[in-house]
Amino acid sequence: MKILFSNLILTPDIILYDKAIAFDKKIKDIDDLETLKARYPQAEVLIYENSILLPTFANPHVHLEFSANRTTLSYGDFLTWLYSVISFREELLLKCNQSCLEETLSTLIEYGTTAIGEISSYGDDLVACANSKLKVVFFNEVIGANPATVDISFASFLERFKESQEFKSERFKPAVAIHSPYSVHYVLAKKALNVAKSEGCLVSVHFMESLAEREWLDKGTGEFAKFFKQFLNQTRPINDPLEFLELFEDVPTLFVHMVYANKREWEKVKDSTIIHCPISNRVLGNGVLDLSKPKHYLIATDGLSSNYSLNMFEELKATLFVHPHYPILPFAKELIVKATKEAHKVLGFEAGEIVKGKLADFQIISFEEGIEHFKKKEEMEIYLQLLLHTSKPKAVFIEGENFLERRK
Ligand code: BEZ
Ligand code: FE2
C-alpha cells in the first residue's frame, strides 16, 4: 500500500483540498494524510508539495502505425493529404518499426495518457500495444471500396482480428474499425459489423470528415470523383451515407469527425459518442465541428499522420481556442472531465476517476512557483489554469506503479 498527498485532487468532477489517497493497484481510500497514516501504518508515504493530482487521460482515436510522420505528409487540404498518404504510406510504415512504436507509446504515457483507442490498419502495431502498460482498445480496421475484393479485404481483417484476440485481457480489448462510407463497400462493412456484434466489441468509423466526402457521397462529384477514377476506376460512390449509418444502429460505435454531417445523419447517431479531433480537422483543412450538434462527444488527437503531437494537453488547449463561443471556465472543466472520466468509461476501462475502487491511474502536475494562488481561485478557474500551464506531468502512476518521475 502507498499513501500519496497532493494539495489539490481533481476527482475530476470535484476538487479535494489537501487530501491524500491510499492505493495499491486500485484506489483504496481518500482522506486526510494523518488519518490515512494511522489507518495504514505500513504504507509508504509520498508527499507531492505544490501539486495537483488528476486521473490520466484516455485518447480514443490514434493511428500509431503512422507515428514516423513528421513533415512527410502534406497538410492544408484533405485530398492533397490523401494523395500524400498513398505516395508515402510504404515509406512511413517501414520507418515506424517496433522501437518507433514503443517510443510513441512511452511518450503517450509521459504526457499523461494511459488509455487509447488505436486504429490498426495493418496489425503492425499489435505486439507493441499488447505489451505496453497502456490500456488499449485495438480497432482492427477494414477498408475496401471495390466489390470484387470484398472477400479478400474481409479475410485480411478477420485474420488480424483473430490475432488480436490472442492478446485479449482486462487492459487490451480487440475491436472493429470501419474506415469510412467512401472507402468500405456496404457488404464488407456488414460482414465486419457482424463480427463486432457477435464478439460484443466496440466499433469506430470515420464519418463526414471533409467537404469532399460530403460532395462525393451526395452527388458523385468533386475532388473525390477524380481520385476514385484514377485509383479504382470507380465513377459512382458505393454507399448512400444514411443507409451506411443504418448498419451501425445496434452496435456501440464511435463516430469520428462528423464535421459535415447533415440533420438526418445527426438524428441517426444521436445516442452515440462522437470523436472530435480539432487539430487534425484544422490541419487537413476540414474546418471545425459544431459542438452543439453531438449529445456526447470526446476529444482525441487522431494520428501523427494529421497532428504534430499525441499530447492530450495540446489537444485540449486547441479545443479551447477553436471554440471561442463557449464560456472558457466551464468549457475547460468539461474538457478535463471528458478526457479522463468519460473517455475511460466509453472505452470500457475502470479508471479515469479518483474514487475508491477505481484503478490507481493518475498523473501529478507540479507547480514550482507554489500552489497558494490556485487554492484561492474559484473551482472552475483551476481547470483552466491547469490546462493553460501544463504540457507534461511530473509523475504518472499506472495501476499504482510510478511509470515516470521527471527529474526536473
Ligand atoms: C480502398 O481501399 O478501397 C480505398 C482506400 C482509400 C480511399 C478510398 C478507397
Ligand atoms: Fe482517424
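## A tour of the predicted model

Begin at aspartate 290, which counts as partly exposed at 35% relative accessibility. Keep in mind throughout that this model is predicted. Add lysine 293 to the selection: the two side chains meet in a salt bridge, with 3.2 Å from N to O. Lysine 293 has 43% relative accessibility and likewise counts as partly exposed.

**The salt-bridge network**

Next, select Lys25, Lys135, Asp361 and Glu399, which are joined into one network by salt bridges that share partners. Within this group, zoom in on lysine 135 and aspartate 361, whose closest N and O atoms are 2.5 Å apart in a salt bridge. Lysine 135 belongs to strand β7 (residues 135-142), while aspartate 361 sits in the loop between α13 and β13 (362-366), so this pair ties together parts of the chain that are 226 residues apart in sequence. Are these two residues buried or exposed? Both aspartate 361 and lysine 135 are buried.

In total, 25 salt bridges are counted in the model. Another one to display is between aspartate 18 and lysine 375, with 2.9 Å from N to O. This pair also links distant parts of the chain, 357 residues apart: aspartate 18 is in strand β2 (residues 15-23), and lysine 375 is in helix α14 (residues 372-376). Aspartate 18 has a relative accessibility of 31%, which puts it among the partly exposed residues. Lysine 375, at 23%, is partly exposed too.

**Phenylalanine 5 and its surroundings**

From aspartate 18, move to phenylalanine 5; Asp18 is one of the residues that phenylalanine 5 touches. Leaving aside residues up to four places away in sequence, the other contacts of phenylalanine 5 are Lys19, Ala20, Leu33, Leu46, Ile47, Tyr48 and Ser51. Phenylalanine 5 is in strand β1 (residues 2-10). Its relative accessibility is 11%, under the 20% limit, so phenylalanine 5 counts as buried.

Follow the chain onward to the loop between β1 and β2, where proline 12 is found. Check the peptide bond from threonine 11 to proline 12: this bond is cis, with omega near 20 degrees.

**Two residues with positive phi**

Select asparagine 50 in strand β4 (residues 44-55). Although asparagine 50 is not a glycine, its phi is positive, at about 55 degrees. The residue is partly exposed, with 27% relative accessibility.

Now go to histidine 257, which is 252 residues from phenylalanine 5 in sequence and 39 Å from it in space, C-alpha to C-alpha. Histidine 257 is in strand β10 (residues 253-257). Here, too, phi is positive in a residue other than glycine, at about 90 degrees. How accessible is histidine 257? Its relative accessible area is 0%, so histidine 257 is buried.

**The iron site**

Select ligand 2, the iron ion, and show its donors. Which residues coordinate the ion? His61, His63 and His206 do so through NE2, and Asp302 through OD, at 2.1 to 2.5 Å. Angles between the 4 donor atoms run from 83 to 173 degrees, which makes the arrangement around the iron ion irregular. A tetrahedral label would need all angles to lie between 85 and 135 degrees.

Along the sequence, the spacing of the donor residues is H-x1-H-x142-H-x95-D. Histidine 63 is in the loop between β5 (57-62) and α2 (78-95), and histidine 206 is in strand β9 (residues 203-207), so these two histidines tie together parts that are 143 residues apart in sequence. Histidine 63 and histidine 206 are both buried.

**A nonpolar patch on the surface**

For the last stop, switch to a surface view and select Phe321, Ile328, Leu329, Met380 and Leu388, which form a nonpolar patch. Together these residues have about 410 Å² of accessible area. Helices α13 (328-347) and α15 (379-389) are the elements that give two or more residues to the patch. Finish on methionine 380, in helix α15. This residue is partly exposed, with a relative accessible area of 32%.

Definitions and conventions: Residues are numbered from 1 along each chain as its sequence is written. Chains are lettered from A and ligands numbered from 1 in the order in which they are written. This is a predicted model: local features need pLDDT of at least 70, side-chain atom pairs count only at pLDDT 80 or more; totals for chains, interfaces and linings use all residues. Side-chain values use heavy atoms; hydrogens and water are left out. Donors are N, O and S atoms within 2.8 Å of the metal (3.2 Å for Na, K and Ca); water is not among the atoms, so sites may look incomplete. Four donors count as tetrahedral if all angles lie between 85 and 135 degrees; four count as square planar and six as octahedral if opposite donors are over 155 degrees apart and all others between 65 and 115; anything else is irregular. Helices (H or I, at least four residues) and strands (E, at least two) are DSSP runs, numbered from the N terminus. Buried means under 20% relative accessible area, exposed over 50%, partly exposed in between (1.4 Å probe, protein chains only). Patches are made of residues with over 30% relative accessible area and no salt bridge: like charges are joined within 9 Å, nonpolar side chains (Val, Leu, Ile, Met, Phe, Trp, Tyr) within 5 Å. Accessible areas come from the Shrake-Rupley method with a 1.4 Å probe; for residues, only the protein chains shown count as cover. A salt bridge is a side-chain nitrogen of Lys or Arg within 4 Å of a carboxyl oxygen of Asp or Glu. Contact means heavy atoms within 4.5 Å.
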